[in-house]
Amino acid sequence: MLAACGSVVSFRYLGVTASGEKRWFETHSRAVLDETGAVEGVLSVARDVNERTAHEERLSMAAYTDALTGLPNRRAFKNLIDGRPGAEGDCIALLDIDHFKRVNDTHGHAMGDEVLRIFAALARQIVRANDYVARIGGEEFVILFPSTSVEQALQVCDRLRREVSASPLAYGAGPVWVTVSGGLSQLSKAGLDDALKTADEALYRAKQSGRDQLTQAA
Ligand code: GH3
Ligand code: MG
Ligand code: MG
């Protein structure tokens, strides 16, 4: 292959150094041909790219992480659905903090940020390890529950909803009370995009019906 294309073949691999340390290396190889064009040998240059790899990983992590809450961001969620169109039997929840604009107006933007951080931590704490929580908008979150019925997902989301409304999420000049609304939908053959759409319609109905509640997709 090297001789045929005459180009450089490169690959990156995790190697173990003499001291037993694992580090990333990159090797570039090229065929050395004689005057008749026959392969005489292969010239390879290997170098340590451990720092560069770590730096690239940090950049990529930052690109997919919401800086405020540490949750996966909208791009990460988009990536997840593109790579995994969703399985039947999964459930999706869209959660949106109620009247969040008022929180900012009453307590200031910094306190609004604090509320978002606390809400994110609470959501992460309440769901199971395999459930995927992302911040997909300002005060909008999504939870993907793998292999979970709407009934089960409703129970988890309702625990979160009740915890949020039961006591102030933060204290600024005074207590900061918020509530959250959600729409849930079961994934069907139609896929995740369809489930997101129906979850969004359900969320809209939860808002219309007075907020601080969860609605299941029709
Ligand atoms: P609803 O109950 O209908 O959802 O009302 P709402 O006020 O929550 O909804 P709306 O979409 O009108 O306002 C969302 C507000 O969220 C507006 C915006 O200023 C605020 N917001 C968005 N992102 C952030 C953020 O990162 N930090 C803070 N503090 N506020 C944010
Ligand atoms: Mg919103
Ligand atoms: Mg809102």
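Trainee: Which oxygen partner does the polar side-chain atom of Lys207 have, and how far off does it lie?

Mentor: In this predicted model, a polar side-chain atom of Lys207 lies 2.8 Å from an oxygen atom of ligand 1, and a polar contact here is a pair of N or O atoms within 3.5 Å. Residues are numbered from 1 along each chain as its sequence is written, and ligands are numbered from 1 in the order in which they are written. Local features need pLDDT of at least 70, side-chain atom pairs count only at pLDDT 80 or more, and side-chain values use heavy atoms, without hydrogens and water.

Trainee: What about Arg135 and Arg211, how far are their side chains from an oxygen atom of ligand 1?

Mentor: For Arg135 the distance from a side-chain N or O atom to an oxygen atom of ligand 1 is 2.8 Å, and for Arg211 it is 2.7 Å.

Trainee: And how much of ligand 1 does the protein bury?

Mentor: Ligand 1 taken alone exposes 650 Å², and the protein buries 66% of that, with areas from the Shrake-Rupley method and a 1.4 Å probe.

Trainee: Switching topic, what are the protein donors of the magnesium ion (ligand 3)?

Mentor: They are Asp96 (OD), Ile97 (O) and Glu139 (OE), lying 1.8 to 2.2 Å from the ion, where donors are N, O and S atoms within 2.8 Å of the metal (3.2 Å for Na, K and Ca), and sites may look incomplete, as water is not among the atoms.

Trainee: Are Asp96 and Glu139 buried or exposed?

Mentor: Both Asp96 and Glu139 are buried, meaning under 20% relative accessible area, with exposed being over 50% (1.4 Å probe, protein chains only).

Trainee: Which residue coordinates both magnesium ions?

Mentor: Asp96 coordinates both ligand 3 and ligand 2, and these two magnesium ions are 3.5 Å apart.

Conventions
Polar contact = N/O pair within 3.5 Å; in protein donor to acceptor, adjacent residues only side chain to side chain.
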